[in-house]
Amino acid sequence: MTADAGATVPRKQIRVVGAAIVRDGEVMCAQRGGGKQLSGKWEFPGGKIEPHETPREALHREIEEELLCEVEIGDEVCTDSYDYDFGTVTLTVFICHLLSGEPRRTEHQQFRWLKPADMPSLDWAPADHKAVSMISTMDFMGK
Ligand SMILES: Nc1nc2c([nH]c(=O)n2[C@H]2C[C@H](O)[C@@H](COP(=O)(O)OP(=O)(O)OP(=O)(O)O)O2)c(=O)[nH]1
């Protein structure tokens, strides 16, 4: 036995924010691009929180960079963690509305606008399952 036998290496902790963008009662779902972790899985647009940022600041920045548009960030849906082989992702999802511009694809394979109840039919990244389940019961019509 070596001195550090049994010692555990701390898992990489990755804090991520995602935007459930609502328009006309539907929610924007985005399919991850090729050549990345979780390629082909569906996710909420967003990304990693930088150390100096609040979750909302990070989401605002990520949506501008990734979708080239601006959103208003509303209520938090939930936070959930999933242990991937590359680290633990802790994902917080917010309901968002478009303020200006039209979401454009810079890195995703495709977008789909789905009614909340239809969202679970997609192959979501595992960290998203709780948020998708919660949003799938929501009704955004008239909002
Ligand atoms: N943006 C986003 N990432 C998610 C979601 N669910 C989920 O497991 N992730 C994972 C995928 C990535 O491993 C991690 C961070 O997302 P990211 O969008 O910054 O990842 P990335 O690989 O595109 O970023 P980068 O390292 O190239 O800067 O979180 C989600 O709904 N949205």
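This passage describes the fold, the nonpolar core and the ligand surroundings of a predicted model.

The protein contains two helices and seven strands, and from the N terminus on these elements follow the order β-β-β-β-α-β-β-β-α. Along the principal axes, the C-alpha atoms of the protein fill a box of roughly 65 × 30 × 30 Å. Of its 143 residues, 27% count as buried. When contacts between residues at least 6 apart in sequence are considered, 68% of them join residues at least 24 apart.

In soluble globular proteins, nonpolar side chains tend to be buried together. In the present model, the largest nonpolar core comprises 29 residues, and those with the most contacts inside this core are Ala-19, Ala-20, Ile-21, Val-27, Phe-94 and Cys-96. At least two residues of this core come from each of β1, β2 (26-31), α1 (55-67), β6 and α2 (129-135). The surroundings of Phe-94 may serve as an illustration: once its neighbours within four places in sequence are left aside, Phe-94 is in contact with Val-17, Ala-19, Ala-20 and Leu-59, and also with Ile-73, Gly-74, Asp-75, Glu-76 and Val-77.

The ligand is surrounded by 16 residues, of which Gly-18, Glu-43, Gly-47, Ala-125 and Ala-127 are the closest. By residue type, the shell around the ligand divides into eight nonpolar, four polar and four charged residues. Three strands, β1 (13-23), β4 (46-48) and β6 (87-100), each supply at least two residues of this shell. Strands β1 and β6 therefore appear in both descriptions, since each supplies at least two residues of the shell around the ligand and at least two residues of the largest nonpolar core.

How values were computed:
Residues numbered from 1 in each chain as written. Predicted model: local features only at pLDDT ≥ 70, side-chain atom pairs only at ≥ 80, totals over all residues. Near = placed C-beta within 6 Å. Helix = DSSP H or I, 4+ residues; strand = E, 2+ residues; numbered from the N terminus. Nonpolar A, V, L, I, M, F, W, Y, C, P; charged D, E, K, R; others polar. Core = buried A, V, L, I, M, F, W, Y, C linked by C-beta atoms within 7 Å. Buried ≥ 20, exposed ≤ 12 C-beta atoms within 10 Å, placed from the backbone. Contact = placed C-beta atoms within 7 Å.
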